[in-house]
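This briefing introduces one structure to a reader who has not met it before. Please look over the sequence and the model before reading the points that follow.

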Amino acid sequence: MPLIFLAACSDTGGQSPFGGQVFAPDAVDRSTDSVDGLVVGHRLMAAGEYELALKAYLRSAADRGTTVEVLSALGSANLRLGRLGQAERLLRQAVDQDPTHVPALNNLGVVLMETGQVAEASQIFRAAFAADSGQSDDIRANLTLALAKMEQSSYSAPENNDFALVRRGGGSYRIIATDG
């Protein structure tokens, strides 16, 4: 029969490895500085852990309040999680607080593009580009894409199809093609 040894069961002579208490460790000292929730959230976002990043950003909001940085970070995490409505609301709040906050502007533009609001997205990207002084290649690329999509979705020249509107009685109409 094999022997199983459990080191934790050894007699410590009444002493505890937890600061002299037999049953529980000492309380956590809350007076020391903890790691900033924004920093933790940014690291988690970089690692692709968006749900955990959102939780870290929420802890930061509890500590700092809803600053522009916190709102922008919360919006970015929601964007990555595909929660576009929540992301748009948070990013709009951030932009309302600081209309020159480049990350909030850029991410709001991305949300607007994703929801098909291309015209407003291009305006937001222009504001981000101006606030950034044209330094970011990503913002430039986003603005270029938004402008290209606006050109594609603009009305094209009408084709030479001839149609006639024919009244059918009772207030109803029908469109028919004509030769010509």
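Helix axes are lines fitted to C-alpha atoms over the stretch in contact, and the angles between them run from 0 to 180 degrees, taken between N-to-C directions. On that basis, helix H4 (residues 84–97) packs with helix H5 (residues 102–114) at an angle of about 145°, and their axes lie 9 Å apart. The model is a predicted one, and its protein chain holds 7 helices and 2 strands.

**Overall make-up**

- Along the sequence, the elements of the protein chain come in the pattern α-α-α-α-α-α-α-β-β.
- Of the 180 residues in the protein chain, 28% are buried.
- The protein chain has an accessible surface of about 12,600 Å², and carbon and sulfur atoms account for 53% of that surface.
- When contacts between residues at least 6 apart in sequence are considered, 36% of them join residues at least 24 apart.

**Confidence of the prediction**

- The mean pLDDT of the protein chain is 79, and 66% of the residues reach at least 70.
- Confidence is highest in H4, at a mean of 96, and lowest in strand E2 (residues 172–177), at a mean of 53.
- Residues 5–12 have a pLDDT below 50, and this stretch makes 0 contacts in the model beyond near neighbours in sequence.
- Predicted coordinates should not be read in detail where pLDDT is low.

**The pairing of H4 with H5**

- The crossing in which H4 passes H5 is left-handed.
- On the H4 side, the residues that meet H5 are Leu 84, Ala 87, Glu 88, Leu 91, Arg 92, Ala 94 and Val 95.
- On the H5 side, the partners are Ala 104, Leu 105, Asn 107, Leu 108, Val 111, Leu 112 and Glu 114.
- The residues of this contact comprise 10 nonpolar, 1 polar and 3 charged.
- Asp 98 lies in the loop between H4 and H5, and Asp 98 counts as partly exposed because its relative accessibility is 24%, between the limits of 20% and 50%.
- Asp 98 is separated from Val 68 by 30 residues in sequence, yet the two are 6.8 Å apart in space, C-alpha to C-alpha.

**Helix H3 and the loop before it**

- Gly 65 is located in the loop between helix H2 (50–64) and H3.
- With a relative accessibility of 24%, Gly 65 is partly exposed.
- Gly 65 makes contact with Ser 60 and Val 70, when neighbours within four places in sequence are set aside.
- Asn 78 belongs to helix H3 (residues 68–80).
- The relative accessible area of Asn 78 is 4%, which is under 20%, so Asn 78 is classed as buried.
- Leaving out residues up to four places away in sequence, Asn 78 touches Leu 54, Arg 83, Gln 86, Ala 87 and Leu 90.
- Ala 87 is thus named both among the residues touched by Asn 78 and among the H4 residues that meet H5.

**From the end of H5 to H7**

- Thr 115 is placed in the loop between H5 and helix H6 (118–131).
- Thr 115 is partly exposed, at a relative accessible area of 34%.
- Thr 115 and Gly 85 stand 30 residues apart in sequence, with a C-alpha to C-alpha distance of 9.1 Å.
- Ser 133 occupies the loop between H6 and helix H7 (137–153).
- Although Ser 133 is not a glycine, its phi is positive, at about 60°.
- Ser 133 is classed as exposed because its relative accessibility of 56% is over 50%.
- Ala 148 is part of helix H7, and its relative accessibility of 33% makes Ala 148 partly exposed.
- Ala 148 and Ser 122 are 26 residues apart in sequence, and their C-alpha atoms are 9.7 Å apart in space.

Notes: Residues numbered from 1 in each chain as written. Predicted model: local features only at pLDDT ≥ 70, side-chain atom pairs only at ≥ 80, totals over all residues. Heavy atoms only, no water. Helix = DSSP H or I, 4+ residues; strand = E, 2+ residues; numbered from the N terminus. Left-handed = near helix turned anticlockwise from the far one by under 90°. Contact = heavy atoms within 4.5 Å. Nonpolar A, V, L, I, M, F, W, Y, C, P; charged D, E, K, R; others polar. pLDDT = per-residue confidence, 0-100. Buried < 20%, exposed > 50% of the residue type's maximum accessible area, 1.4 Å probe, protein only. Areas by Shrake-Rupley, 256 points an atom, 1.4 Å probe, with all protein chains shown as cover.
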